[in-house]
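Me: I'm new to reading protein models and I'd like a close look at one small part. Could you walk me through it slowly and then show me how the rest is laid out?

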Amino acid sequence: MVGVNVAKTFMKSASNLSGQDRARVFDFLNKFLSDPANPSLSTERVQGARDPNIWSARMTGGCT
């Protein structure tokens with residue numbers, strides 16, 4: 001079973017994204033919740049995290 005923690009500010013922050021980026025975020029969440037092992041998701045384990053079950057994900061290839 002996969003658990004997802006979302007910050008209280010997630011929806012407010014998501015509403016500040018462009019429509020295209022917001023769509024990417026929610027598309028990712030839908031895919032992730034349906035199949036966390038989906039090979040199209042860009043996920044990786046966070047190295048050095050206190051909890052070895054912490055992962056990060058990218059919605060695009062760029063950084064801002």
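Where along the chain does V6 lie?

Reply: Let's start with your residue and work outwards. V6 lies in the segment before α1. Keep in mind that this is a predicted model, so a word on confidence comes before the details. The mean pLDDT of the protein chain is 86, and 91% of its residues reach 70 or more. Among the elements, α1 has the highest mean pLDDT, at 93, while strand β2 (residues 55-58) has the lowest, at 85. Where pLDDT is low, the predicted coordinates should not be read in detail.

Now back to V6. With a relative accessible area of 48%, V6 counts as partly exposed, because the partly exposed range runs from 20% up to 50%. V6 also has company: together with V4 and L33 it forms a nonpolar patch on the surface. The accessible area of those three residues adds up to about 260 Å².

Another residue to find in this part is K8. Like V6, K8 is placed in the segment before α1, and α1 itself covers residues 10-15. K8 has a relative accessible area of 88%, so it is exposed; the cut-off for that word is over 50%. If you want a sense of distance, pick D51, which is 43 residues away from K8 along the chain. The C-alpha atoms of K8 and D51 are separated by 21 Å.

To see what surrounds this segment, zoom out. The protein chain has two helices and two strands, and from the N terminus on they run α-α-β-β. Its C-alpha trace spans about 30 × 25 × 25 Å along the principal axes. Of the 64 residues in the chain, 9% are buried. The chain exposes about 5,500 Å², with carbon and sulfur atoms supplying 53% of that area.

Next, look at the inside. The largest nonpolar core is made of five residues: V25, F28, L29, F32 and L41. Take V25 as an example. If you skip its neighbours within four places in sequence, V25 is in contact with F10, L17 and M59. For the chain as a whole, take the contacts between residues at least 6 apart in sequence: 22% of them join residues at least 24 apart.

Then there are the charged pairs. Side chains of opposite charge can pair when their charged atoms come close. The structure holds three salt bridges, and you can visit each of them.

Begin in helix α2, which covers residues 19-34. R24 forms a salt bridge with D21, and their closest N and O atoms are 2.7 Å apart. These two are three residues apart in the helix, so about one helical turn separates them. Both ends of this pair are partly exposed: R24 has 31% relative accessibility, and D21 has 28%.

Helix α2 also holds D27 and K31, four residues apart, again about one turn of the helix. Their side chains meet in a salt bridge, at 3.5 Å from N to O. D27 is partly exposed at 39% relative accessible area, and K31 is partly exposed too, at 33%.

The remaining pair to visit is E44 with R58, a salt bridge whose closest N and O atoms are 3.4 Å apart. E44 lies in strand β1 (residues 42-45) and R58 in strand β2, so this pair ties together parts that are 14 residues apart in sequence. E44 is partly exposed, with a relative accessible area of 40%, and R58 is partly exposed as well, at 43%.

While you're at the strands, find S42, which is in strand β1. S42 counts as partly exposed, at 30% relative accessibility. Leaving out its neighbours within four places in sequence, S42 is in contact with S56, A57 and R58. S42 and S56 are 14 residues apart along the chain, and their C-alpha atoms are separated by 8.3 Å. R58 turns up twice here, then: it is a contact of S42 and the salt-bridge partner of E44.

So, to come back to where you started: V6 is partly exposed, and it shares its nonpolar surface patch with V4 and L33.

Notes. Residues are numbered from 1 along each chain as its sequence is written. This is a predicted model: local features need pLDDT of at least 70, side-chain atom pairs count only at pLDDT 80 or more; totals for chains, interfaces and linings use all residues. Side-chain values use heavy atoms; hydrogens and water are left out. A nonpolar core is a set of buried Ala, Val, Leu, Ile, Met, Phe, Trp, Tyr and Cys residues joined through side-chain atoms within 4.5 Å. Buried means under 20% relative accessible area, exposed over 50%, partly exposed in between (1.4 Å probe, protein chains only). Contact means heavy atoms within 4.5 Å. pLDDT is the predictor's confidence in each residue, from 0 to 100. A salt bridge is a side-chain nitrogen of Lys or Arg within 4 Å of a carboxyl oxygen of Asp or Glu. Patches are made of residues with over 30% relative accessible area and no salt bridge: like charges are joined within 9 Å, nonpolar side chains (Val, Leu, Ile, Met, Phe, Trp, Tyr) within 5 Å. Accessible areas come from the Shrake-Rupley method with a 1.4 Å probe; for residues, only the protein chains shown count as cover.
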